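Trainee: Pick one helix and take me through it closely. I want to know what covers it and what lies around it.

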Amino acid sequence: MTKYIEEAKVVGQWILNTATKEIDLIAPRIAAEAVPGQFVNVQVSRHTAPLLRRPLGIARVDREHGVISLIYRVIGEATRILADVCSGDVLSVVGPLGNGFDRSARKPLLVGGGTGLAPLLNLAEAFKAEGIVPHVLMGGRTEEELFWKDLYEGIAGSIALTTDDGTLGTKGTVMALLPDMLRDGGYDCVYVCGPAPMMKAVSAAVLEQKIKCQVSLEKYMACGLGACLSCSCQGIGKRIKVCKDGPVFRAEEVAEW
């Protein structure tokens, strides 16, 4: 798949919660090519620091207007700089990068937490466009972290919620609901993205039920092209580069979370 470097104009930024923002960028060549599960590398500053681009999963694509949407947490220098970007500013963006999800499922379940729900949102919209209604299971530490519910409404057929503190939905992690959902839901594939412990637990439970499972790994991807090896991890019988070989893998391919 072709990769582009685009000088992307910022359409706007929106606050989703105290630590999370959405930024929309006009990047028509990337928007035309991107598929759910892929990411972009964003140069957040024209200065020398921070030197490396920031990898961000694509949360939405508007091909008609050539716009991509990225959702990110403000947790370090690069994202703090990005959070101050204004409408009309221009950012250098490389993409689309990596490999996307296999969308052959006819009854998919999407399981996510944190910013892992961003690429799953793109996936959910793609399924809906194909006439397939995905079900979603999402978890967070508190109610504030599950602003994602509003983003998925109207796209997902059902949304199951868990919070560690019980302030929204079922108290506990997604594992509090997943076994019953796997038993009763008739799903033919489960798609997972979020914190590594969650993905490890979910994928093990899904594979035990002999259901297909795809995972989108969240590793720091410095170059995004497979050259620097910063995102390499252990697969089954070989090392894998998350940015180039993934970020989406079949769960049974992953040995190191």
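Mentor: Buried here means under 20% relative accessible area, exposed means over 50%, and partly exposed is in between (1.4 Å probe, protein chains only). The model is predicted, so local features need pLDDT of at least 70 and side-chain atom pairs need 80 or more, while totals for chains, interfaces and linings use all residues. Numbering starts from 1 along each chain as its sequence is written, and side-chain values use heavy atoms, without hydrogens or water.

Take helix 3, residues 117-129. (Helices, H or I, of at least four residues and strands, E, of at least two are DSSP runs, numbered from the N terminus.) Helix 3 has 13 residues. From first C-alpha to last, helix 3 reaches 18 Å, close to the 18 Å expected at 1.5 Å a residue. (That expectation is 1.5 Å times one less than the number of residues.)

Helix 3 is mostly covered, with 10 of its 13 residues buried. Leu 117, Ala 118, Pro 119, Leu 120 and Leu 121 are buried in helix 3. So are Asn 122, Leu 123, Ala 124, Ala 126 and Phe 127.

What does the covering? Strands 4 (54-62), 5 (67-73), 7 (108-113), 8 (135-140) and 11 (189-193) are included. Helix 4 (148-152) is also part of the cover. Just past the end of helix 3, Gly 131 takes a positive phi of about 85 degrees.

Now the pocket. (A pocket is an open set of points on a 1 Å grid over the protein atoms alone, where a 1.4 Å probe fits, with protein on both sides within 12 Å along at least five of seven lines; lining residues have an atom within 4 Å of a point.) The largest pocket is lined by 46 residues. Nearest its centre lie Gly 113, Gly 114, Thr 115, Gly 116 and Glu 218. Helix 3 gives two or more residues to this lining, as do strand 4, strand 5, strand 8 and helix 6 (196-208). Strand 4 gives the most, with four residues.

One covering strand deserves a second look: strand 5. Strand 5 runs antiparallel to strand 2, joined by seven bridges. (Strands pair if DSSP finds at least two bridges between them.) Leu 25 has Ile 68 in strand 5 as its bridge partner. Leu 25, in strand 2, also stands opposite Val 10. Strand 1 (residues 4-17) pairs with strand 2 in the antiparallel sense over seven bridges. A hairpin of two residues links strand 1 to strand 2. Six of the seven residues of strand 2 (residues 20-26) are buried, so strand 2 is largely enclosed by the rest of the structure.

Strand 11, another part of the cover of helix 3, leads to the second largest pocket. That pocket is lined by 16 residues. Asp 102, Cys 189, Lys 212, Gln 214 and Arg 250 lie nearest its centre. Strand 11, strand 12 (212-216) and strand 15 (248-250) give two or more residues to its lining.

To recap, helix 3 has 10 of 13 residues buried, and helix 3 is among the elements that give two or more residues to the lining of the largest pocket.

Notes: Contact = heavy atoms within 4.5 Å.
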